[in-house]
Amino acid sequence: MTTFEKLRLSHATLAALAIGAYLTGEAGIIHAWLGYAVAVVLLVRVVWGIFGPRQVGISRFLPDLAGLTQVRVLDHPGVSRLLIAGIVASLLLVTTTGIVMDRFR
């Protein structure tokens, strides 16, 4: 399996788990385990981004805000990186708060 196939598989897994967790809402243990699985996939992806090949490095998450001042702002990869950073931040926030709340049940 190539690096990009592994990357696609991790993204598909993350998307399926996040959608499943959203759809189960407050369905108890199913929702909790899906949330834990999302946290594991995010953790593995961040570790892989730090220690893995350059093509999947953590620098690909970080937006290049200086490049947003170019003429074609909406076509610039900086916008995509900014959106990806927002998705990662929101998933980390949601899973973290979910895990913290789950411990106090």
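## Surface and overall fold

Accessible areas here come from the Shrake-Rupley method with a 1.4 Å probe; for residues, only the protein chains shown count as cover. On that basis the protein chain exposes about 7,700 Å², with carbon and sulfur atoms supplying 71% of it.

This is a predicted model, where local features need pLDDT of at least 70 and side-chain atom pairs count only at pLDDT 80 or more, while totals for chains, interfaces and linings use all residues. Residues are numbered from 1 along each chain as its sequence is written, and side-chain values use heavy atoms, leaving out hydrogens and water.

The protein chain has 3 helices and 0 strands (DSSP runs, numbered from the N terminus: H or I of at least four residues for helices, E of at least two for strands). Of its 105 residues, 21% are buried (under 20% relative accessible area, 1.4 Å probe, protein chains only).

## Helix α1, face by face

Now for α1, which runs over residues 3-24. Its buried residues are Leu7, Ser10, Leu14, Leu17, Gly20 and Ala21. Seen down the helix axis, they fall within an arc of 165° (taken from the directions from the axis to the C-beta atoms), so they line one face. Turned away from that side are the exposed (over 50%) residues Arg8, Ala16, Ile19, Tyr22 and Leu23.

Right after α1 comes glycine 25, with a positive phi near 55°.

## The core

The largest nonpolar core (buried Ala, Val, Leu, Ile, Met, Phe, Trp, Tyr and Cys residues joined through side-chain atoms within 4.5 Å) has 8 residues: Leu14, Leu17, Ala21, Leu34, Val38, Val41, Leu42 and Leu91. Its largest share, 4 residues, comes from α2.

Definitions and conventions
Expected span 1.5 Å × (residues − 1).
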